[in-house]
Amino acid sequence: MANYYQPEIETMPVDEIKALQSKKLVEQVKYVYENVPYYRKKMEEKGVKPEDIKGIEDISKLPFLSKDDLRDAYPYGLLGTDLKNIVRIQSTSGTTGRRVVAFYTQEDIDMWEECCARAIVAAGGTNEDVCHVCYGYGLFTGGPGLNGGSHKVGCMTLPMSSGNTDRQIQFMMDLGSTILCCTPSYAAYIGESLAEKGYKPEDNKLKAGIFGAEPWTEEMRQEIEKSLGIKAYDIYGLTETSGPGVSFECEEQTGMHINEDHFYAEIIDPKTGEVLPEGEKGELVFTSLDKKGFPLLRYRTKDICILTRKPCSCGRTHIKMSKPLGRSDDMMIIRGVNVFPSQIETVLLKEGYTPNYQIVVDRVKNTDTFDIYVECTPERFSDKVSEMQNSEKELALAMRAMLGINPKIHLVAPKSIERSEGKAVRVIDKRKLH
Ligand code: ADP
Ligand code: ZN
């Protein structure tokens, strides 16, 4: 028996959803045009006026926004209302130059938390559940989003945040957590740690998990379901659109329903920007239909996806997106943190190295490993091990300051990294996540 948090919206007939989206889009475009000079300018450059947008079918007349716009407009250029109406910010894991800061009014927060509440109820959550949230809290959207959703459902919420696995397990067992919210890699790690402590899957009270913020495979789902004795549901989102809960899985576990009353999704050809028909693979683009603090229109996520509106056995009518199948840029997600090779290059040049390097990412025991091989300059190259180790340490610190996570640096002899004939192979990702 399917359960819904907001049944009238989640099972609304498709033509009514489309009418609602059209009405909201017309209002939202007017709002953005009047309140966000940065986007107004983009609309003017494209020769489109608010009155040209009469419904959702006109959306392709609007200009796109991308991470570059976010950088150009940082920090306040895409704000949609007076700061006095803003009650919160969230931000992606601290990366200079690529930092995304999103602003929320109280209504924006309520909407976001409702989306997360829909995800929790779809995973079987009720006010009798004990919802254990070990996504990170703070600037990261994972913790605050699911925490708010859990409150709305009326679960007893455990705001654990990430880390300290022994304590996670103690609270989980003592208080009888029934729903676990965290990244899939952390869920797998908790599963392993429970087994190491001698617990069997049936010893815990967990029944479901809501896992997202990074790519994960069906194999990983099965492993987590088995080790924790639960059903594992996917959840998707990004800071730019609010955070987790833009879409979520239902009991069918065949893709994530997009909360279409708040987010309009398009799939485009990443090269031409042309909108592709339903069922085709391309880049996912989101328009927030009612956010007021940070109202992004046609935001290019760079996530490669497929949308389908096949009827779902859960009764929800909202369109479904596949798991992200890759990226149309070179962003990697390592230990939950967004990393771009260009950031690594910036650090290398600043620290006096040449941009001859190779990044190797792997997953060992459900934890990402992150190694950077860097060619030493002839001046710096030394046969004294301690000197080389010091340079490696210094460079690792500089990388940490830029990326927010620690790579292992390996300085190698000048000219030892293979030069390829065409485009250099900078990244070797052995995780096989897609
Ligand atoms: P989050 O808090 O969700 O990590 P970020 O804004 O830091 O938010 O990163 C958003 C990106 O994370 C998305 O564009 C997507 O690439 C990735 N992501 C989020 N959820 C998922 C998921 N369930 N599966 C795969 N990738 C995801
Ligand atoms: Zn469904």
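**Exercise 1. His 257 and the zinc site**

Decide whether His 257 is buried or exposed in this predicted model, and describe the metal site to which it belongs.

Solution.
Step 1. The relative accessibility of His 257 is 1%. Buried means under 20% relative accessible area, so His 257 counts as buried.
Step 2. Through its NE2 atom, His 257 coordinates the zinc ion (ligand 2), together with the SG atoms of Cys 250, Cys 312 and Cys 314. The coordination distances run from 2.1 to 2.3 Å.
Step 3. Cys 250 is also a donor, and with a relative accessible area of 0% it is buried.
Step 4. Written along the chain, the donors have the spacing C-x6-H-x54-C-x1-C.

**Exercise 2. Geometry at the zinc ion**

Work out which arrangement the four donor atoms around the zinc ion (ligand 2) adopt.

Solution.
Step 1. The angles subtended by the four donor atoms are 103 to 113 degrees.
Step 2. Four donors count as tetrahedral if all angles lie between 85 and 135 degrees.
Step 3. The arrangement at the zinc ion (ligand 2) is therefore tetrahedral.
Step 4. For reference, the ideal angle for four tetrahedral donors is 109.5 degrees.

**Exercise 3. Surroundings of ligand 1**

State how many residues surround ligand 1, and list polar contacts that ligand 1 makes.

Solution.
Step 1. Ligand 1 is surrounded by 19 residues. The closest are Thr 141, Asp 234, Ile 235, Thr 239 and Asp 303.
Step 2. Thr 239 has a side-chain N or O atom 2.8 Å from an oxygen atom of ligand 1.
Step 3. For Asn 338, a polar side-chain atom is 3.4 Å from an oxygen atom of the ligand 1 molecule.
Step 4. At Glu 214 the contact is with the backbone: a polar backbone atom lies 3.2 Å from a nitrogen atom of ligand 1.

**Exercise 4. Ser 242 and its contacts**

Locate Ser 242 and find which residues it touches beyond four places away in sequence.

Solution.
Step 1. Ser 242 is in the loop that joins strand E7 (231-238) to E8.
Step 2. Its relative accessible area is 2%, so Ser 242 is buried.
Step 3. Leaving out residues up to four places away, Ser 242 touches Tyr 104, Trp 112, Thr 141, Phe 263 and Lys 291. Thr 141 is also one of the closest residues to ligand 1.

**Exercise 5. The nonpolar cores**

Identify the residues that touch the most other members of the largest nonpolar core, and the helix that gives the most to this core.

Solution.
Step 1. The largest nonpolar core has 69 residues, and Leu 284, Phe 286 and Met 321 touch the most other members.
Step 2. Helix H5 (residues 106-122) gives the most to this core, contributing ten residues.
Step 3. A second, separate core has 25 residues, among them Met 332, Leu 395, Ile 405 and Leu 411.
Step 4. Beyond four places in sequence, the contacts of Leu 284 include Tyr 236, Ala 265, Ile 267, Leu 307 and Met 321. Polar residues such as Glu 266, Lys 302 and Asp 303 are also touched by Leu 284.

**Exercise 6. Leu 78 and Phe 381**

For each of these two loop residues, determine whether the residue is buried, partly exposed or exposed, and what it contacts.

Solution.
Step 1. Leu 78 lies in the loop between helix H4 (67-72) and strand E1 (88-91). Its relative accessibility is 5%, so Leu 78 counts as buried.
Step 2. Leu 78 and Val 36 are 42 residues apart along the chain, with 6.0 Å between their C-alpha atoms. Val 36 is in contact with Leu 78, as are residues including Tyr 38, Leu 65, Phe 294 and Leu 296.
Step 3. Phe 381 lies in the loop between strand E18 (367-375) and helix H11 (385-403). At 40% relative accessibility, Phe 381 counts as partly exposed.
Step 4. Apart from neighbours within four places in sequence, Phe 381 contacts Cys 376, Met 388, Val 412, Ala 413 and Pro 414.

**Exercise 7. Backbone features in loops**

Find where a cis peptide bond occurs, and which residues have a positive phi without being glycine.

Solution.
Step 1. The peptide bond from Tyr 74 to Pro 75 is cis, with omega near -5 degrees. Pro 75 is in the loop between H4 and E1.
Step 2. Gln 253 is not a glycine, yet its phi is positive, at about 55 degrees. Gln 253 sits in the loop between strand E8 (243-249) and strand E9 (256-258), and its relative accessible area of 18% makes it buried.
Step 3. Arg 298, also not a glycine, has a positive phi of about 50 degrees. Arg 298 is in the loop between strand E11 (281-288) and strand E12 (299-308), and at 1% relative accessibility it counts as buried.

Technical notes:
Residues numbered from 1 in each chain as written. Chains lettered and ligands numbered in written order. Predicted model: local features only at pLDDT ≥ 70, side-chain atom pairs only at ≥ 80, totals over all residues. Heavy atoms only, no water. Donors = N, O, S within 2.8 Å, 3.2 Å for Na, K, Ca; no water. Tetrahedral: all angles 85-135°; square planar, octahedral: opposite > 155°, others 65-115°. Buried < 20%, exposed > 50% of the residue type's maximum accessible area, 1.4 Å probe, protein only. Helix = DSSP H or I, 4+ residues; strand = E, 2+ residues; numbered from the N terminus. Contact = heavy atoms within 4.5 Å. Core = buried A, V, L, I, M, F, W, Y, C linked by side-chain atoms within 4.5 Å. Near = heavy atom within 4 Å. Polar contact = N/O pair within 3.5 Å; in protein donor to acceptor, adjacent residues only side chain to side chain.
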